[in-house]
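These are my notes from a look through one structure. I began with the pockets and went on to the sheet and a few single residues.

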Amino acid sequence: MLGRIDHIGVVVNNLDDAIALYADRLAMPEVHREVVDSQGVEAVLLDVGDGHVELLKPLGPDTPVGKFLEKKGPGLHHVAYAVDDIDATLDQLKGAGIHLIDKKTRTGIRNSRIAFLHPKSTHGVLTEIVEPAEGGH
Ligand code: CMX
């Protein structure tokens, strides 16, 4: 049902400090940077193998990621799996009794289509499925 791991989302206090680690010291090329107003984050994508690390900085304290940072501090926020057809996968997940946060897709970075599964259904791990935009990966 799910393809490869597309990315892991990591919440950070400071993007430049995090880039200094992931891009400079761990040699992961930075490939994309985007403010996603609708989700209250600035995101930086770095390549690693077939997937990515997605650094997430909240746009403010009242955003979901801002509240996460306040409560838990920086760290692993979500795991995202690539899928070919997100509408079909959402139907399959519903059929399998998985509790979905998003019954309809939202727009993720690089114009991808994304949806989140409820961590109660996934042993506490916030899980995203992502259908990359045409030509994206
Ligand atoms: N880990 C574990 N549990 C989490 C969590 C996390 N990172 N984030 C949220 N939850 C839990 C909440 O505690 C809540 O639990 P309860 O229902 O038991 O109270 C539940 O998940 C739902 O969370 P919520 O914030 O109440 O629900 P919303 O529908 O308002 O928002 C979500 C859900 C996941 C979209 C939001 O919390 C969030 O993280 N938004 C940012 C998404 C993001 O990272 N976007 C980046 C770009 C996207 C991309 O392209 O990858």
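Which element gives the most to the lining of the largest pocket? I looked this up in what is a predicted model. I found that H2 does, with 6 residues.

**Entry: the largest pocket**

I noted a space of about 640 Å³ for the largest pocket. I counted 34 residues in its lining. Those nearest the centre of the pocket are Gln-39, His-77, His-78, Phe-116 and Glu-128.

I then listed the elements that supply at least two residues each to this lining. Helix H2 (64-72) is one of them, and the strands are E1 (5-11), E3 (41-48), E4 (51-58), E5 (75-82), E7 (113-117) and E8 (127-131).

I sorted the lining residues by class as well. There are 17 nonpolar, 9 polar and 8 charged residues in the lining of the largest pocket.

**Entry: the second largest pocket**

I went on to the second largest pocket, which holds about 160 Å³ of space. I wrote down its lining as Phe-68, Lys-72, Leu-76, His-77, His-78, Val-79, Pro-119, Gly-124, Val-125 and Leu-126. Two elements, H2 and E5, give two or more residues to this lining. E5 gives the most here, with 4 residues. By class I have 6 nonpolar, 3 polar and 1 charged residues for the second largest pocket.

**Entry: Val-125**

I picked Val-125 out of that second lining for a separate look. Where is Val-125 placed? I found Val-125 in the loop between E7 and E8. Is Val-125 buried, exposed or partly exposed? Its relative accessibility is 36%, so I entered Val-125 as partly exposed; the class runs between 20% and 50%.

I also checked what Val-125 touches. Leaving out residues up to four places away in sequence, Val-125 is in contact with Val-79 and Pro-119. Val-79 and Val-125 stand 46 residues apart in sequence, and I have 7.4 Å between their C-alpha atoms.

**Entry: the sheet**

In what order do the strands of the sheet lie? I read the order as E2-E3-E4-E1-E5-E8-E7-E6, with 8 strands in an open sheet and mixed pairing. Strand E2 (30-36) and strand E6 (106-107) are the edge strands, and each of them pairs on one side only.

I next noted which helices meet these strands. Helix H1 (residues 15-25) packs on the sheet and touches E1, E2, E3 and E4. The direction of H1 makes about 165 degrees with that of E4. H2 lies across E1, E3, E4 and E5, and I have it running at about 135 degrees to E5.

**Entry: E8 and its neighbours**

I followed E8 to both of its partners. I reminded myself that strands of a sheet pair through backbone hydrogen bonds, either parallel or antiparallel.

How many bridges join E5 and E8? I have 4 bridges, in the parallel sense. Two of the partners I looked up are Glu-128 of E8 for Ala-80 and Ile-129 of E8 for Tyr-81.

On the other pairing, E7 and E8 run antiparallel and are joined by 5 bridges. Here I noted Glu-131 in E8 as the bridge partner of Arg-113.

Why do I call E8 largely enclosed by the rest of the structure? I do so because 5 of the 5 residues of E8 are buried. In a regular strand the side chains alternate between the two faces of the sheet. I therefore looked at each face of E8 and found both covered, with Thr-127, Ile-129 and Glu-131 buried on one side and Glu-128 and Val-130 buried on the other.

**Entry: two positive phi values**

Last, I looked at the loop between E6 and E7, where Arg-110 lies and where Asn-111 also has its place. Phi of Arg-110 is near 55 degrees, which is a positive value in a residue other than glycine. Asn-111 is likewise not a glycine, and its phi is positive, near 65 degrees.

I checked how open each residue is. Arg-110 has a relative accessible area of 29%, so I entered Arg-110 as partly exposed. For Asn-111 the value is 59%, so Asn-111 went down as exposed.

Key:
Residues numbered from 1 in each chain as written. Predicted model: local features only at pLDDT ≥ 70, side-chain atom pairs only at ≥ 80, totals over all residues. Heavy atoms only, no water. 1 Å grid on protein atoms, 1.4 Å probe; cavity = no way out; pocket = protein on both sides within 12 Å on 5 of 7 lines; lining within 4 Å. Points joined across faces, edges and corners; volume = space filled by probe spheres on them. Nonpolar A, V, L, I, M, F, W, Y, C, P; charged D, E, K, R; others polar. Buried < 20%, exposed > 50% of the residue type's maximum accessible area, 1.4 Å probe, protein only. Contact = heavy atoms within 4.5 Å. Pairing = 2+ DSSP bridges. Axes fitted to C-alpha atoms, helices over the stretch in contact; angles between N-to-C directions.
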